[in-house]
Amino acid sequence: MQMFRGKLSLDLGVALERKPIGCSAVGTRKPPISLQKIPAMGYVQEARENHVKKKVEEALRSKMKQKALKECDQYTSKYAQCAAGKTISVVWQCRKQAKELNDCLHQFTNDAVLEEMKKEYMLQENQKGSSRV
């Protein structure tokens, strides 16, 4: 590090204001993502393409869960029949039905399914936008 007239020059080439003694330590700022060298740019590009607002993502998750429950209805009813009239013993007596239900639900509620739903949503939004023009 070298001192130059009130500025601190780091080896990174980033010039930061010098802070008076007693203030918090001088930190390094990361350059914006567009300037960072990221080895897996494909993932970043894909993430930008599928980026949706938080409320939209919550709605998509809700829709995904509803679809999963509908698809796994038979396993849900088997588990409910097993659990009827039981309290704590449901944990070990209905283990098989619970595992079957969870396996089925996981097929329809995972990150890959959510990403696919985001892609479909973005395609629909792009089509709506292009039809308005």
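V91 is found in helix α4, which covers residues 90–93. In this predicted model, V91 has a relative accessible area of 54%. Because the cut-off for an exposed residue is over 50%, V91 counts as exposed. Together with I88 and W92, V91 makes a nonpolar surface patch of about 360 Å².

The patch belongs to a protein with six helices and three strands. Starting at the N terminus, the order of the elements is β-β-β-α-α-α-α-α-α. The accessible surface of the protein is about 11,300 Å², and carbon and sulfur atoms account for 54% of that surface. Of the 133 residues, 17% are buried.

In soluble globular proteins, nonpolar side chains tend to be buried together. Which residues form the largest nonpolar core here? There are six: V52, V56, L60, M64, L114 and M117. Helices α2 (54–71) and α6 (111–132) each supply at least two residues of this core. The most comes from α2, which gives three residues.

L60 is one of the six core residues. Apart from neighbours within four places in sequence, L60 is in contact with L114, M117, K118 and Y121. Two of these partners, L114 and M117, are listed in the largest core as well.

A second core, separate from the one just described, has five residues, among them A68, C72, L101 and C104.

Contacts can also be viewed across the whole chain. Among contacts in the protein with a separation of 6 or more, 49% are between residues 24 or more positions apart.

How values were computed. Residues are numbered from 1 along each chain as its sequence is written. This is a predicted model: local features need pLDDT of at least 70, side-chain atom pairs count only at pLDDT 80 or more; totals for chains, interfaces and linings use all residues. Side-chain values use heavy atoms; hydrogens and water are left out. Helices (H or I, at least four residues) and strands (E, at least two) are DSSP runs, numbered from the N terminus. Buried means under 20% relative accessible area, exposed over 50%, partly exposed in between (1.4 Å probe, protein chains only). Contact means heavy atoms within 4.5 Å. Accessible areas come from the Shrake-Rupley method with a 1.4 Å probe; for residues, only the protein chains shown count as cover. Patches are made of residues with over 30% relative accessible area and no salt bridge: like charges are joined within 9 Å, nonpolar side chains (Val, Leu, Ile, Met, Phe, Trp, Tyr) within 5 Å. A salt bridge is a side-chain nitrogen of Lys or Arg within 4 Å of a carboxyl oxygen of Asp or Glu. A nonpolar core is a set of buried Ala, Val, Leu, Ile, Met, Phe, Trp, Tyr and Cys residues joined through side-chain atoms within 4.5 Å.
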